[in-house]
Amino acid sequence: MAAGTGTQKELCVQIVDLQPGDLPAVRALELECFSDAWSEKLLQDLLTSSWDKAWVLKEDETVCGYSNFRVIAGEGELMRIAVHGACRGRGYGRLLMERLLREAEEENVEDITLEVRASNAPAIALYEAYGFQKEAVRKNYYSGPTEDALIYWKRSGKSIDR
Ligand SMILES: CC(C)(COP(=O)(O)OP(=O)(O)OC[C@H]1O[C@@H](n2cnc3c(N)ncnc32)[C@H](O)[C@@H]1OP(=O)(O)O)[C@@H](O)C(=O)NCCC(=O)NCCS
């Protein structure tokens with residue numbers, strides 16, 4: 001996919017599987033975006049975990065975003081989705097979400113959950129735009145600062161065992 005207009009050089013925007021060489025950039029994204037930033041070791045574990053898929057979104061060769069999707073016992077969890085502050089509002093969050101949902105479809109994952117800080121309006125708007133619905137609140141779940149977690153689910157409606 002290419003982005004850009006007029007005489008500006010067009011950017012090559014692509015989503016690719018996380019590679020070892022991306023870890024420092026992803027660690028920097030973690031530090032920028034999350035109060036409980038994952039360590040480089042934890043990020044490295046994503047490369048070999050059979051539960052996890054992780055992708056980076058690159059503008060040319062620069063990492064602008066990443067996401068991590070975990071599937072356990074047929075149930076999916078959106079663990080991380082993050083876009084560098086300077087790159088937000090360009091549709092990259094949507095692209096990462098669509099990559100993740102495509103993976104879920106390919107893996108026959110019917111239900112996907114996530115948790116989000118109650119004040120995180122941009123992320124909540126993104127999730128709701130893709131059909132996630134709030135089902136529960138975990139009071140004071142987050143620290144630094146203390147805040148409720150909202151638990152969202154996107155359910156296919158196919159499962160009969162709920
Ligand atoms: C959430 C996040 C990934 C969105 O990334 P982004 O690239 O800016 O998102 P997009 O440009 O693709 O926008 C997608 C949708 O998100 C919502 N959104 C994005 N920014 C928003 C804002 N500032 N206010 C309200 N809604 C917003 C809108 O619904 C938007 O759709 P629209 O443009 O059609 O209205 C980004 O804000 C981010 O990385 N935040 C920090 C990390 C984080 O909080 N991750 C989620 C943890 S649970």
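**Exercise 1. Determine which element gives the most residues to the lining of the largest pocket, and describe that lining.**

Solution. Begin with the elements: in this predicted model, β5 gives the most to the lining of the largest pocket, with seven residues. Next, take the lining as a whole, which is made up of 32 residues, with Phe34, Ile81, Asn120, Ala123 and Tyr127 lying nearest the centre of the pocket. Besides β5, the elements that give two or more residues to this lining are α1 (23–33), α3, β6 and α4. Then sort the lining by class, which yields 18 nonpolar, five polar and nine charged residues. Finally, the space in the largest pocket comes to about 990 Å³.

**Exercise 2. Establish which pocket the ligand takes up, and work out which elements and residues form the shell around the ligand.**

Solution. The first step is to place the ligand: the space that it takes is the largest pocket. The second step is to list its neighbours, and here 20 residues surround the ligand, the closest being Ile81, Val83, Gly89, Gly91 and Asn120. The third step assigns the shell to elements: β5 (75–83), α3 (92–106), β6 (111–117) and α4 (121–129) each supply at least two residues, and α4 gives the most, with five residues. The last step is the division by class, in which twelve residues of the shell are nonpolar, four are polar and four are charged.

**Exercise 3. Identify which backbone atoms lie within 3.5 Å of a nitrogen or oxygen atom of the ligand, and state how much of the ligand the protein buries.**

Solution. Start with isoleucine 81, of which a backbone N or O atom lies 2.8 Å from a nitrogen atom of the ligand. Continue with glycine 91, where a backbone N or O atom is found 2.9 Å from an oxygen atom of the ligand. For tyrosine 92, the corresponding distance from a backbone N or O atom to an oxygen atom of the ligand is 3.5 Å. As for burial, the ligand taken alone exposes 930 Å², and the protein buries 70% of that.

**Exercise 4. Describe the volume and the lining of the second largest pocket.**

Solution. First, note the volume, which is about 190 Å³. Second, count the lining: eleven residues line this pocket, and Ala104, Glu105, Val109, Glu110 and Ser156 lie nearest its centre. Third, consider the elements, since α3 and β8 (147–155) each supply at least two residues of this lining, while the largest share, three residues, comes from α3. Fourth, divide the lining by class, which gives four nonpolar, two polar and five charged residues.

Definitions and conventions:
Residues numbered from 1 in each chain as written. Predicted model: local features only at pLDDT ≥ 70, side-chain atom pairs only at ≥ 80, totals over all residues. Heavy atoms only, no water. Near = heavy atom within 4 Å. Polar contact = N/O pair within 3.5 Å; in protein donor to acceptor, adjacent residues only side chain to side chain. Areas by Shrake-Rupley, 256 points an atom, 1.4 Å probe, with all protein chains shown as cover. 1 Å grid on protein atoms, 1.4 Å probe; cavity = no way out; pocket = protein on both sides within 12 Å on 5 of 7 lines; lining within 4 Å. Sits in = over half its atoms within 2 Å of the grid points. Helix = DSSP H or I, 4+ residues; strand = E, 2+ residues; numbered from the N terminus. Nonpolar A, V, L, I, M, F, W, Y, C, P; charged D, E, K, R; others polar. Points joined across faces, edges and corners; volume = space filled by probe spheres on them.
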